[in-house]
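Here are some exercises to work through with the model open beside you. Try each task before reading its solution.

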Amino acid sequence: MVIVADSRHLTGLAAWWVNIYNESHFYFALLTIVTIPLVGAILGGLADLLIRRIGIDLKSRSLREG
């Protein structure tokens, strides 16, 4: 059984991603393992920046619990 992804109607980054999947599952797995944490860190940093810009301070604990 051969597992391939259909790349006939894709262009740009999506076509490149599918072609890597079709050519080598190993390289696709390595690229995915590197990409997911990297994108998570970038989105987390952007969310942190946005939260600071709107005035929410997550570093101080001024609210009392209880």
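**Exercise 1. Find the partner of Asp6 in a salt bridge and explain how open the two residues are.**

Step 1. Asp6 pairs with Arg8, and their closest N and O atoms are 2.9 Å apart. The test for a salt bridge is a side-chain nitrogen of Lys or Arg within 4 Å of a carboxyl oxygen of Asp or Glu.

Step 2. Asp6 has 45% relative accessibility and counts as partly exposed, while Arg8, at 68%, counts as exposed. The classes are buried (under 20% relative accessible area), exposed (over 50%) and partly exposed in between, with a 1.4 Å probe and protein chains only.

Step 3. A word on the source: this is a predicted model, in which local features need pLDDT of at least 70 and side-chain atom pairs count only at pLDDT 80 or more, while totals for chains, interfaces and linings use all residues. Residues are numbered from 1 along each chain as its sequence is written, and side-chain values use heavy atoms, with hydrogens and water left out.

**Exercise 2. Searching the whole structure, how many salt bridges do you find?**

Step 1. The search gives two. Besides Asp6 with Arg8, the side chains of Arg52 and Asp48 meet at 3.1 Å, N to O.

Step 2. Arg52 and Asp48 both sit in helix 2, four residues apart, about one turn of the helix. An α-helix has 3.6 residues a turn, so residues three or four places apart point the same way.

Step 3. Arg52 is partly exposed at 49% relative accessibility, and Asp48 is partly exposed at 31%.

**Exercise 3. Compare the span of helix 2 with the expected one, then see what follows the helix.**

Step 1. Helix 2 covers residues 25-53; helices (H or I, at least four residues) and strands (E, at least two) are DSSP runs, numbered from the N terminus.

Step 2. With 29 residues, helix 2 reaches 41 Å from its first C-alpha to its last, close to the 42 Å expected at 1.5 Å a residue. The expected span is 1.5 Å times one less than the number of residues.

Step 3. Gly55 follows helix 2 and has a positive phi, near 100°.

**Exercise 4. Is the protein spread out or compact?**

Step 1. Count the secondary structure: two helices and zero strands.

Step 2. The radius of gyration is 20 Å, well over the 11 Å that the globule rule gives for 66 residues, so the protein is more spread out than a compact globule. This radius is taken over C-alpha atoms, and the rule is 2.2 Å times the number of residues to the power 0.38.

Step 3. The C-alpha atoms fill a box of roughly 60 × 25 × 20 Å along the principal axes, and buried residues make up 6% of the 66.

**Exercise 5. Classify the ring pair of Trp17 and Phe28 and place it in the structure.**

Step 1. There are four aromatic pairs in the structure. Rings of Phe, Tyr and Trp (its six-membered ring) pair if their centres lie within 6.5 Å; planes under 30 degrees apart are stacked, over 60 edge-to-face and the rest tilted.

Step 2. The ring centres of Trp17 and Phe28 are 5.4 Å apart and their planes are at 75°, so the pair is edge-to-face.

Step 3. Trp17 lies in helix 1 (residues 12-23) and Phe28 in helix 2, so the pair ties together parts that are eleven residues apart in sequence.

Step 4. Trp16, Trp17, Tyr21 and Phe28 form one aromatic cluster.
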